[in-house]
Amino acid sequence: MRKILLWAPLMVFALLAGVLLRGLQSPESGTVPSKMVGRAAPDFVLPAAVPSHPGLARADLARGKPVLVNIFASWCVPCIAEMPVLLALKRQGVEIHGIAIRDKPEDVAAFLRDHGDPYARIGSDVSSQVQISFGSSGVPESFVIDGSGKIRLQHIGDIQQDDVPEILAALKAAQ
Amino acid sequence: MIAELGLGVLWLAAGLAVLQAVLGGLALRFPDRPDLGQAVRPVAIAQGVLVSFAMLALIYLFLVSDMSVKLVVANSHSEKPWLYKFAGTWGNHEGSMLLWVAILAVAGSGIALLERRVRPDTLIATLMAQGFIALGFYAFLLFSSNPFERVSPAPQDGNGLNPLLQDPGLAFHPPTLYLGYVGMSVAFSFAVGALLTRDVGPAFARAMRPWVLGAWVFLTLGITAGSYWAYYELGWGGWWFWDPVENASLMPWLAATALLHSVTVLATRDSLRAWTVMLAVVAFSMSMVGTFLVRSGILTSVHAFAVDPERGSFILALLFIYVGAALTLFALRIGTVREGTQFEPVSREAALVLNNLFLTVILGVVLIGTLYPLIAQSMGQQISIGPPYFNPAAGSVALLLIIAMVAGPLMRWRRDGLAAVAKRMALPLALGLVVIVLIRLMAPQIGLLPWLGLSVAALAAAGSVAPLWKRNLRRTPLFTWGMVVAHLGVAIALAGMATDSAFMKEKLVALGEGEATQVGPFSVRLVDVTPVIGPNWTALQGRMSAQRGSGAAFELLPQARNYSSPPTDTSEAAISTLWNGQLYAVLGKANGDGRWQVRLWWKPWVTLIWLGGALIAFGGVLSLIGRLWRERGLATPESGNA
């Protein structure tokens, strides 16, 4: 018994080394994807963020046509950077809905005026509750949602020109 | 030319490490050839001298900004202040590995020159083990991470150094930690040497103790300084984040603290033989695991700036060979080591065993918490583990540990009476209880852990000075003073941590110029925001005027800095230290409407954390001096207490 016990530290160490080796072979990616991808979008009803656009609710995401939901904020600089790409997507016929995070109506209106307006509807998520229920942790983030209200793709960070094919492919696949 | 010279000298040093290991092995195999053993010492000394020369050569290349050396190009810039050129030498993978092996070899020289107390064959075995350890790192440097590699054609200028690392703290933080890690390698080599020659006893413990103490002092300083660096440089307002790399330095410290206490039991009472050897192996393993976690970048962290699986594999292989071999030797040999002296369940030995047990549990908690994300990831899950796990799990055991820390020095060696111990503990215990009740009455809203933390801090503060009670202070040995100071430091640091987490006030607001806000007892006004220019950065600097009640106003100048090479944004927090805490301000992004995001913290008594850390290290220094003085040139069993 005592003999076996003396070998126990070596066994424990071998286990530790195994864990480290395993970790080495699969380096951590750093980004945490939403657990919501592949599931139905959460249930929500958001009031309008600006008078010019209607608000956004879960029902608007399940009308048979795939849509892009863009989580943004007027105080977010990368959101300005992705605006030209969103506008280009809109010109290609993509329906884009916005969720404005912790924002004020006048700020959102100024943002749309200065940087362009790709949105059909904009909901105001003052307390970030809907954003969290989407499994999103920051702005901007975008979600491709199919006609039945199911989340197909999550894009973390601003959409750049290089990301457009992936998004278009996901929208096409969602039809 | 200097680079080639440095590389040549490094090869020579590696050759000497081979010689040191082989000669040592032969000397142990053929005890009738004393000349073999006698050759080991000079070889170890020469190796230390040569590798120091290589290290100096690399420092020189950084100081003169020799842009034909790849490492200098990648990590330095001619416009950088000289201190950061100097520190840039080890602010990167290759340089820090060279520093590692340089300290290791110099420590080897130190053993060869100074150690006269252990049996000669144990000393030779120890130096042989040192040679083997150094050899692995030489191979690493020469075959996969050559710091002296040239680049042709030489570029105009270098890429700079990560601005987060351009801080006076960086000049001393890594070398301090490495001194600690390498000190653990000396303890490890002694343990291996003693196992090989079956010489696990008080003489071996006394030879190992100064190295453990010294390494432990450096680890304590390294952790304390690193914690303060993260606190003021990252601008997140916290002093400990349970970041994998912080844990990587905490784990060797926990093992070293346990080793420090068990080695004292072995030196004084000849007990805990197997356990002390085991702890020496564990402490060194944790240093290697720490180096591995930092260098391989398998866990996301601010420190892991060079992610490279190949380097990780190399360190992992070294870890596996050294620790695997040591543990195999342990399993084979420790059964043949005579059992040490016995002791009673109520005795100072027993209290120190309890202390070791608690430290080991905390070590396990931290190790599991640090590595669990890796395990989960291999099962397809992504999780991160933070304060909600570490604080209650490690914190609660730490409180028990600190109570044991108070009890230990108040107990007699070998056997003591429960009633007598309770009597000696009465005053500290009573004080702790009074504080428990007082806090309940005066601040019922604070959390359980800070509440107990403050009470235990009061208990420990009183208990740690109790060993001086009724003693002739002038005849009290220096190492007893060291223990008292270090234990008092623990109490003070704990008080700072508990106060900060219980009473800290935080505020995140958008302020325009001229607007004011309130945080804790302070009103803070943003006066203006202006651009300022530094040596290699530009910044927006907020001028804030803070005032407590109607007291005198003082200025805070937080900056949002932009470094040009490499282009990076950092935030420089403004920290105002007052007698009872710190006011901490960070200037964030512009809101776009002429206002700025401003983060403010009022952190009462937070400075006690680092003051306590410094006291712990100072206690270690006193103890080290006291031991060295008491044991100068002596080989007889010691008297007195620990």
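# Exercises on a predicted model

Ala466(B) sits in the loop that links helix H15 (448–465) to helix H16 (478–503) of chain B. The model is predicted.

**Exercise 1.** Decide whether Ala466(B) is buried, exposed or partly exposed, and state which residues it touches.

Solution.
- Step 1. Count the neighbours: 18 other C-beta atoms lie within 10 Å of Ala466(B).
- Step 2. Apply the cut-offs: a residue is buried at 20 or more and exposed at 12 or fewer. Ala466(B) is therefore partly exposed.
- Step 3. List the contacts: leaving out residues up to four places away in sequence, Ala466(B) touches Leu410(B), Arg424(B) and Pro428(B).
- Step 4. Add a distance: the C-alpha atoms of Ala466(B) and Gly15(B) are 54 Å apart, with the two positions 451 residues apart along the chain.

**Exercise 2.** Work out how chain B is divided into domains and what distance separates the centres of domain 3 and domain 4 of chain B.

Solution.
- Step 1. Domain 1 covers 1–171 and domain 2 covers 198–415.
- Step 2. Domain 3 is made of two segments, 417–503 + 608–631, while domain 4 spans 505–604.
- Step 3. Taken over C-alpha atoms, the centres of domain 3 and domain 4 of chain B are separated by 36 Å.

**Exercise 3.** Identify the edge strands of the open sheet E1-E10-E9-E8 in chain B.

Solution.
- Step 1. The sheet has 4 strands, paired antiparallel.
- Step 2. Strand E1 (505–512) and strand E8 (574–578) each have a single partner strand, so one side of each lacks a neighbour in the sheet, and these two stand at the edges.
- Step 3. On average, neighbouring strands of this sheet are turned by 20° against each other, direction ignored.
- Step 4. E8(B) pairs with strand E9 (residues 581–590) over 5 bridges; within this pairing, Ala574(B) has Ala585(B) in E9(B) as its bridge partner.

**Exercise 4.** Find the residues with the most contacts inside the largest nonpolar core.

Solution.
- Step 1. This core has 182 residues, and Val101(B), Ala187(B) and Val281(B) have the most contacts inside it.
- Step 2. Take Val281(B): among the residues it touches are Phe188(B), Ala191(B), Val323(B) and Phe330(B).
- Step 3. Another core, of 36 residues, lies apart from it and includes Leu46(A) and Val144(A).

**Exercise 5.** Say where in chain B the pLDDT is below 50.

Solution.
- Step 1. The chain B average is 87, and 94% of the residues score at least 70.
- Step 2. Residues 302–306 of chain B fall below 50, and residues 635–642 of chain B stay under 50.
- Step 3. Where pLDDT is low, predicted coordinates should not be read in detail.

Notes. Residues are numbered from 1 along each chain as its sequence is written. Chains are lettered from A and ligands numbered from 1 in the order in which they are written. This is a predicted model: local features need pLDDT of at least 70, side-chain atom pairs count only at pLDDT 80 or more; totals for chains, interfaces and linings use all residues. Two residues are in contact if their C-beta atoms, placed from the backbone, lie within 7 Å. Domain bounds come from an automatic or database domain assignment. Two strands pair if DSSP finds at least two bridges between them. Axes are lines fitted to C-alpha atoms, for helices over the stretch in contact, and angles run from 0 to 180 degrees between N-to-C directions. pLDDT is the predictor's confidence in each residue, from 0 to 100. A nonpolar core is a set of buried Ala, Val, Leu, Ile, Met, Phe, Trp, Tyr and Cys residues joined through C-beta atoms within 7 Å.
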